[in-house]
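Subject: Structure handover

Hello,

Here is the structure you asked about. Please open it alongside this note. My findings follow below.

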Amino acid sequence: MAAATERAAAALQTSQRVAVLLGAGISVGSGIPDFRSPGGMYDTLRPDLLTATPAQRALMARDPTAVVSWTIFRENQLPYLELRRPFILGINEGRWKPSLAHYFLQELQDRGKLHRCYSQNIDGLELMTGLDRSRVVTCHGSLGAISCEFCGKPADRDWFTSALRSSIRDIYGTDDSAPKTSTPISCPACGRPGLKPSTVLYGRSLPGDFFEAMEADFPSTIDLVIVVGTSLTVSPANQIPCLAARDTPRIVVNMEPVGEDLGLDFASKRDIFLGGACDDSFANLLRELGWSSTFASKPAGERRQQHQQHQQHQQNAEQEVAIEALLVKIKDQARSKELGLGARRVLLSDMLDSLRHLEHEIDADQWLYEEQPLLN
Ligand SMILES: [Zn+2]
């Protein structure tokens, strides 16, 4: 069988009505952590930091997703707001930008191939690319709009954001201006503390347009399904690949293969797996399809390049700080009389190794960004 990227490109060339299913993995390249990965939100959740009763803490310790569930939110809104505070503020400030993978969707749209984008993400990054809103179904709602879980009434986003900043404490310890204790935010319409971004809590029903779109698209309208950066564990969105007609090809772009329990079979001719970071897989696809130059010539591609350069500068600055700190330590250690000469030599040699490692990292990054631009 031909290489996976070649097969995926061939499927894309012949397709005319593509459905894409997005998960948190597509936004990792934009700097938003994947909830379900090691180091992601659920993995690192610390119930002891949240304002909650012992019973609520025990529930969150057993099941970290309880922090974004209706079960807890209807009793106590603070754990949700404390956990999401920096994410909500960051989205409102436009801190995260779409990545190459997001812009690939726009490329599909520009070429008349994108029929529907089902997004399980609440970050709204796919909507910042110029995707036609009517093609996008946000299965789990969006952080971009604010409404009350109790009365359903919308609230002003800027007003809510400033209330969040001044009423909810910062459990991450990165915002000195945050209050030391959290106070509920009352809904101006009903007076109850139900305001939050209009995302779907676990235990609440999904937006109606999600089911309408699925009914209209499957099985016969869609001729290619692309699954991007999702573990395919959350129902009912994870059923989308299974709804396609039996001979419809399915491409999975993800760090590791997923969906085998749902019937995807990457040894078959039908299903294709593109492993690794989403941005890399889509960059490879652009090259294979011969779309790279038009992609890079568009404003979206330019924005992406600027974004990369910005990230690169930030990374360089962080590495420089790390090197400075290490040099100070090395000097101190060299002068220190606390340890014997042998022990100092071993310590110094370890530190010099770390220093060389940091220098290699910088060199590798320079090479990656300057010599091998993702878009060429
Ligand atoms: Zn209300």
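Does Cys 148 count as buried or exposed? The model is a predicted one, and in it Cys 148 has 3% relative accessibility, so it counts as buried, the cut-off being under 20%.

**The cysteine site**

Start with the record. An unreviewed UniProt entry places the feature "binding site" at Cys 148, Cys 151, Cys 187 and Cys 190. These four span 43 residues in sequence, yet no two of their C-alpha atoms are more than 8.7 Å apart, so they gather at one spot.

Cys 148 belongs to strand S4 (residues 141–148). Setting aside residues up to four places away in sequence, Cys 148 touches Lys 153, Cys 187, Cys 190, Gly 194 and Leu 195.

Cys 190 sits in the loop between helix H7 (157–167) and strand S6 (195–199). Cys 190 has 32% relative accessibility, so it counts as partly exposed. Beyond its neighbours within four places in sequence, Cys 190 contacts Cys 148 and Cys 151.

**The sheet around S4**

S4 is part of an open sheet of three strands. The order is S5-S4-S6, and the pairing is antiparallel. Strand S5 (154–155) and S6 are at the edges with a single partner strand each, so one side of each has no neighbour in the sheet. Two bridges link S4 and S5 in the antiparallel sense. There, Ser 147 stands opposite Pro 154 in S5.

Two helices lie across these strands. H5 crosses S4 and S6, running at about 65° to S6. H7 crosses S4, S5 and S6, and runs at about 125° to S6.

**Two nonpolar cores**

Nonpolar side chains tend to be buried together in soluble globular proteins. The largest nonpolar core here has 35 residues. Met 60, Phe 160, Leu 164, Ile 185 and Leu 195 have the most contacts inside this core. Helix H4 (70–73), helix H5 (78–93), S4 and H7 each supply at least two of its residues. H5 gives the largest share, eight residues. The core also draws at least three residues from each of domain 1 (4–32 + 98–140 + 206–288) and domain 2 (41–95 + 146–199).

Take Leu 164 as an example. Not counting residues up to four places away in sequence, Leu 164 touches Leu 81, Arg 85, Ile 88, Leu 89 and Ile 185.

Another core, of 33 residues, lies apart from that one. Its members include Leu 114, Val 136, Val 228 and Leu 285.

**Strand S7 and helix H1**

Val 228 also appears in strand S7. How many of the five residues of S7 are buried? Five of the five are. Leu 224, Ile 226 and Val 228 point one way, while Val 225 and Val 227 point the other way.

S7 has a parallel partner in strand S1 (residues 18–22), joined to S7 by five bridges. S7 also pairs with S8 in the parallel sense, over four bridges. Ile 226 stands opposite Val 20 and also opposite Ile 251 in S8.

Helix H1 (residues 4–14) has Arg 7, Ala 8, Ala 9, Ala 11 and Leu 12 buried. What covers these buried residues? The cover includes helix H6 (100–110), S7 (224–228), strand S8 (250–254), strand S9 (271–275) and helix H10 (278–289).

Best regards

Key. Residues are numbered from 1 along each chain as its sequence is written. This is a predicted model: local features need pLDDT of at least 70, side-chain atom pairs count only at pLDDT 80 or more; totals for chains, interfaces and linings use all residues. Side-chain values use heavy atoms; hydrogens and water are left out. Buried means under 20% relative accessible area, exposed over 50%, partly exposed in between (1.4 Å probe, protein chains only). Contact means heavy atoms within 4.5 Å. UniProt positions are given in the numbering used here, feature names are shortened, and annotations may be inferred rather than shown by experiment. Two strands pair if DSSP finds at least two bridges between them. A nonpolar core is a set of buried Ala, Val, Leu, Ile, Met, Phe, Trp, Tyr and Cys residues joined through side-chain atoms within 4.5 Å. Domain bounds come from an automatic or database domain assignment. Axes are lines fitted to C-alpha atoms, for helices over the stretch in contact, and angles run from 0 to 180 degrees between N-to-C directions.
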